[in-house]
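Please look through the sequence and the model before reading my comments. I have kept to a few points that can be checked directly in the coordinates.

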Amino acid sequence: MELAITLANNFLALLDAMAIYILVGLLIAGFLKQIVPDDFIIKHLGSGNISSVIKATIFGIPLPVCSCSVIPLAQSLRKEGASKGAVQSFLISSPITGVDSILATYSFFGLIFTIYRVISSIIIAIVVGIIQNIFDKDEEKEIKKEEASSCSCHCSCSSEKPAKKTFSIKEVFSYAYVTLFKDMVKPLFIGLIFATLFTSLAPKEYTSLLFENQFLTYLVIILFSMPLYICATASLPIAAALIIEGMSPGAAFILLSAGPATSLITMSVVYKSLGKTSLIIYLTMIAVLSLLFGYLFDTFFTNVNILNFSLEEERSSLLSQISSFIMLVLMSYYLIKPWLNRKKVDA
């Protein structure tokens, strides 16, 4: 009984720390989706030059797309004539620094870590894109525009000029709390469960030994995070739990940087769309730069207390409690609904 209470308290403490920021971030993403034209990015990305890489990186930061729809959108950019470097920069910046992820990062790790994460992610995306364009010996020629053959994650793809948007507050909430939230609910729930179990059950004496060797920790984290699909927002409670158990903030940065930008699915798409050389550049530069920025954070920000919350805190604000309740309701609904639908089909 005591263990169950501890697990519940730790779960709610983690949820309290991020709920309001995720809800606000999703709402902002919903407004951006209504304001930004669907073809805005494709129009502004040219061929293989530094300008297109920088634009792809900047556009990818606040872009309100669900994490899995980044891949078909990147493929669409490629079909529309964007350079390999621009596509890679977009694939890195968009999943790492979405508006919901930025606010949730602040909720756990504070202003310094959040700014560092955003700036370093921009640098990583730009460097990878530039290096890719340097290695891309075959100059990009005019690419024939093709209609995308398939789409996923409720994302519509078409080579036709999109109709002009009319602002709809209903669509803002629908995109924020249906489309985007449905995409992140499973990894977010798994991340919260993992973080809760780790903080509640992991023996401090063993975890401190695990994180004692700084560089070994870096390598373990990079090898663990790169093949797996780790949602940028859902990985935050995992990183916070690992820091509580003794892992360095730099190692947490590596997890939050390399994980969302790479996965076996992303690797296969980069290989198929851009080629073997592009995949090698993509993975190598992300790994090297993530390790470098993780080490730099641990070197220059050793005295910074980055965690904004404590599992020992018993009181939370009324706003945090309301936000946590809303998050729990949404998570429960989207986790249970598919199971109920399957039961109906079976019946």
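The notes below take up a helix, a core and two single residues.

1. On the basis of the model: this is a predicted model, in which local features need pLDDT of at least 70 and side-chain atom pairs count only at pLDDT 80 or more, while totals for chains, interfaces and linings use all residues. Residues are numbered from 1 along each chain as its sequence is written, and side-chain values use heavy atoms, with hydrogens and water left out.

2. On helix 1: this helix (a DSSP run of H or I with at least four residues, numbered from the N terminus) covers residues 2-35, and its 34 residues reach 49 Å from first C-alpha to last, close to the 50 Å expected at 1.5 Å a residue, where the expected span is 1.5 Å times one less than the number of residues. Helix 1 nevertheless bends by about 40° at M18, the bend being the angle between axes fitted to the seven residues ending there and the seven starting there.

3. On Q132: this residue lies in helix 6 (residues 99-135), and it counts as buried because its relative accessibility is 2%, the cut-offs being under 20% for buried, over 50% for exposed and partly exposed in between, with a 1.4 Å probe and protein chains only. Leaving aside residues up to four places away in sequence, Q132 touches K84, G85, Q88, S278 and I281, where contact means heavy atoms within 4.5 Å.

4. On N305: this residue sits in the loop between helix 13 (276-300) and helix 14 (318-346), and it counts as exposed because its relative accessibility is 68%. The C-alpha atoms of N305 and G110 are separated by 8.6 Å, although the two residues are 195 residues apart along the chain.

5. On the largest nonpolar core: such a core is a set of buried Ala, Val, Leu, Ile, Met, Phe, Trp, Tyr and Cys residues joined through side-chain atoms within 4.5 Å. Of its 82 residues, I92, F109, L188 and M327 touch the most other members, and helix 7 (residues 169-201) gives the largest share, 11 residues.

Methods: Helix = DSSP H or I, 4+ residues; strand = E, 2+ residues; numbered from the N terminus.
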